[in-house]
Amino acid sequence: MITNLLSAGDLDRTDAIRILDTAEELLGVASRPIKKLPTLRGRTVVNLFFEDSTRTRISFEAAAKRLSADVINFSAKGSSVSKGESLKDTALTLQAMGADAVIIRHHSSGAPHRLAQAKWTKGAVINAGDGTHEHPTQALLDAFTMRRHLGAVGGDLAGKNVTIVGDVLHSRVVRSNVLLLHTLGAHVTIVAPPTLLPVGIDHWPVETSYDLDASLEKADAVMMLRVQAERMNASYFPSAREYSRRYGLDTARLSRLPDHAIVMHPGPMNRGMEITADVADHVRSVIVEQVTNGVAVRMAVLYLLLGGAAGESAEEEDSTDKDRV
Ligand code: NCD
């Protein structure tokens, strides 16, 4: 098993399936009256968030707490980062406080890799979204959700058709999804306006299309991406209305999907832009379930990176110490 989770491309098929199967077991914990396992007791997990987040930060916090870890939440706003403290000094401070895992979200692509490679922290580094680059746990929770709905629990997504639509240029979710879905054998179609496709997309293992209607008919899952206005420094499409008309998912388009197909969105949604409110709340939408599944998947990642054998040997050391006394 890998020691850090920086990119969805770090996971081979065996590792990916192992995380998804572990998450399947851990999902049951959320439905128990007492939602807690002792696995990471005494371990410290730091949520290091330099960029805004609702779901991902809370999800990692819930996951770590359900495994009994101590959680320190750090957000750049209100910290010494606003006084100009660097990533290096922030990380060294957290290291000095004994972080066993650092979950990092940063506006710069590559920040988690820098943290791990420069060894500014001895703990496991988990990428919770770096710039427009990657968001591997989002891809894992998406694959987990697809497996459950498309009858593939225990296996991979071989032969499944996934259509991903929208602001591909600015999306770290799509980059991680393409890598993981490729590893799991799915066929990915990307639909976006030409202005929102990145240079080099011809080297991605995907098909591209500008025609949403045509690609919906064969989709097992359709994933809508948020139009990331905060990362746009130019005009990428004529108007919001024009965007929704060409690339938004509404009920008329929903009816083109096969009966078993699911609608996904990583959140936060721009209701009325990439997805209409009635589609977002439709029975075919699994958007809220993606959030629930995210906790189980992040529990699995923390468990596999930090727990397991390492946790058990720490307990053995404790008892040996006690025996000596
Ligand atoms: C995504 C992100 O932050 O990358 N959201 C998430 O983590 N659930 C997608 C987005 O912001 O559009």
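Begin by selecting residues 309-325, where pLDDT stays under 50 and where the model, which is a predicted one, has four contacts beyond four places in sequence. If you then colour the whole protein chain by pLDDT, the average to keep in mind is 92, with 94% of the residues scoring at least 70.

Next, select helix 1, residues 13-30, together with helix 11, residues 287-306, and turn the view until both axes can be followed, since they come within 8 Å and cross at roughly 120°. Because of that angle, helix 1 is oblique to helix 11, and the crossing of the two helices is right-handed.

Stay with this pair and show the side chains that make the contact. On helix 1 these are R18, I19, T22, A23, L26, L27 and V29, while helix 11 contributes T292, N293, A296, V297, M299, A300, V301, Y303 and L304. Which kinds of residue does the contact of helix 1 with helix 11 divide into? Colouring them by type will show 12 nonpolar residues, three polar ones and one that is charged.

For the last stop, move to helix 2, residues 55-66, and pick out S59, which has its place there. Is S59 buried or exposed? S59 has a relative accessible area of 5%, and because values under 20% count as buried, S59 is a buried residue. To see what surrounds S59, display G294, V295 and R298, which S59 touches when residues up to four places away in sequence are not counted.

Notes
Residues are numbered from 1 along each chain as its sequence is written. This is a predicted model: local features need pLDDT of at least 70, side-chain atom pairs count only at pLDDT 80 or more; totals for chains, interfaces and linings use all residues. Side-chain values use heavy atoms; hydrogens and water are left out. pLDDT is the predictor's confidence in each residue, from 0 to 100. Contact means heavy atoms within 4.5 Å. Axes are lines fitted to C-alpha atoms, for helices over the stretch in contact, and angles run from 0 to 180 degrees between N-to-C directions. Helices (H or I, at least four residues) and strands (E, at least two) are DSSP runs, numbered from the N terminus. Angles under 35 degrees count as roughly parallel, over 145 as roughly antiparallel, 65 to 115 as roughly perpendicular and the rest as oblique. A crossing is left-handed if the near helix is turned anticlockwise from the far one by less than a right angle, and right-handed if clockwise. Ala, Val, Leu, Ile, Met, Phe, Trp, Tyr, Cys and Pro count as nonpolar, Asp, Glu, Lys and Arg as charged, and the others, Gly among them, as polar. Buried means under 20% relative accessible area, exposed over 50%, partly exposed in between (1.4 Å probe, protein chains only).
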